[in-house]
Amino acid sequence: MSSGSIPRLVIAAPSSGAGKTTVATGLMAAFAEAGLTVSPHKVGPDYIDPGYHSLATGRPGRNLDAYLCGRDRIAPLFLHGAAGADLALVEGVMGLFDGASGMGELSSTAQVAKLLRAPVVLVVDASSQSRSVAALVHGFASWDPEVRLAGVILNKVGSDRHEELLREAMDSSGVPVLGALRRDGRAGTPSRHLGLVPVAERRSEAVESVAELAARIRAGCDLEALLALARTVPELPDAAWDPAAYLAPAEGAAAAPEKPLIAVAGGAAFTFSYAEHAELLAAAGAEVAPFDPLRDEQLPPGTQGLVIGGGFPEMYAPDLSANAPLRAAVAELAASGAPVSAECAGLLYLSRSLDGKPMCGVLPAEARMTERLTLGYREAVALGDNALAAAGTRVRGHEFHRTALEPGAGADPAWGLTHPERRVEGFVAGGVHASYLHVHWAAEPSLAGRLVASAARSAAARGGGR
């Protein structure tokens, strides 16, 4: 089987709340338990669902976001992530045709399905309808002829009689029913202010939940029919994305005498990271070393650069604050001029305090939780040269938090936001680049190359190696 012909399905829904994540994760786990190598993917910028996908499949959960990465990179990124898989499953976002606000189909599940030439299975919340389900499915099937709506999974079915009525209605729709799942809260995934609770925070319970989801899927879905449908896809003509192909030798560490070591924060407090970021750092010539700020009292030995992504530090502020040795080590690294890239949670961790708890003190700012949700896609430009981006570099990103920073920008801001609003945001100081903006580096691989080159130069200026 060539890489372009990997069997694939997109799991979508008419709206949020219908059960996409439940069904997609359960399908991934059920097929993996059946012995297939399953590649998991998620439409949109969300970091949390891919954690459950990874738990279900044993492979990295990967995002496909046409706003962040551009439509031309969706199929290549998919092929990169799905290499060697027997089956790829793509969980959609929101409703099937919902995309970036005011931008038509951009970043919608429908757009990704078309770019991947993949059949769509629609998960329908049937809890308050019977014959109307056929009208709903007919509307979704006929809205865009380029979207191949090839099957339906009925979710939250109340009884055998309810299922019978639903199936009778669907007989006239021309869209086959590939599964029917009863209402069942036993395999729930708990939520809080930014969505589901990440796997890293509830691993043992998450393992049990995913196993229960797989059992429900096996009992209620026609796995053979779903797999047969996935195998009807045409060949994708695109080449798989290759991180090394986007990095010029001068951008990486090719000229450095040894690989600079880039430490990457992880653990329960910092779970938000795109898999391609570490791959790009490695392709640029770095040695990538993960560490957990909740457990590790020192940075990995020889650290010459630091990446702190997003997550929920507000849930762990007391524990992060209590790890004074690591906070001091981060502050010392930043003061040395080594490159430090921090997004959202990382930005809060570098501040003086979070909800009154001392943090690393790298940035002259105080952070706190708020009731206000800040959410949406952003366009931004680098206002000056820094360790992450050259002046004038334009990026698209995503902002998603319920925290506030005072002040919200330093004397040298990280970004100038240009759409949908104009303002400056974040901090640049020495080698530090800290911002609320989540950026997918696959769209601008020079960010990874520049960070690695900055680490190599900083290490040389400080007297060389580790």
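Helices (H or I, at least four residues) and strands (E, at least two) are DSSP runs numbered from the N terminus, and contact means heavy atoms within 4.5 Å. The model is predicted, so that local features need pLDDT of at least 70 and side-chain atom pairs count only at pLDDT 80 or more, while totals for chains, interfaces and linings use all residues. Residues are numbered from 1 along each chain as its sequence is written, and side-chain values use heavy atoms, with hydrogens and water left out.

The chain has a mean pLDDT (the predictor's confidence in each residue, from 0 to 100) of 92, and 92% of its residues reach 70 or more. Over residues 190-195, however, pLDDT stays under 50, although the model has 22 contacts beyond four places in sequence for them. Where pLDDT is low, the predicted coordinates should not be read in detail.

For residues 262-444, an unreviewed UniProt entry lists "domain: CobB/CobQ-like glutamine amidotransferase"; such annotations may be inferred rather than shown by experiment. This stretch is 18% helix and 38% strand, and its end C-alpha atoms are 19 Å apart.

An open sheet of six strands follows the order S11-S10-S12-S13-S21-S20, with mixed pairing, where two strands pair if DSSP finds at least two bridges between them. Its edge strands, each pairing on one side only, are S11 (287-291) and S20 (427-429). Within the sheet, S12 (residues 303-308) and S13 (residues 340-343) run parallel and are joined by three bridges; valine 307 has serine 341 of S13 as its bridge partner. Helix H12 (residues 324-335) lies across S11, S12, S13 and S21 (432-435), running at about 110° to S12, with angles taken from 0 to 180 degrees between N-to-C directions and axes fitted to C-alpha atoms, for helices over the stretch in contact. Helix H14 (residues 446-461) also packs on the sheet, where it touches S10 (261-265), S12 and S13, and its direction makes about 145° with that of S12.

Elsewhere, helices H4 (residues 74-82) and H5 (residues 109-116) pack at about 70°, with their axes 9 Å apart. H4 is therefore roughly perpendicular to H5, a term that covers 65 to 115 degrees. Ile74, Ala75 and Phe78 of H4 meet Val112, Leu115 and Leu116 of H5.

Some backbone details deserve attention. Most residues other than glycine have a negative phi, and most peptide bonds are trans. Serine 107, in the loop between S4 (87-91) and H5, has a positive phi of about 70°. A cis peptide bond, with omega about -5°, joins glutamate 406 and proline 407.

Definitions and conventions
Angles under 35 degrees count as roughly parallel, over 145 as roughly antiparallel, 65 to 115 as roughly perpendicular and the rest as oblique.
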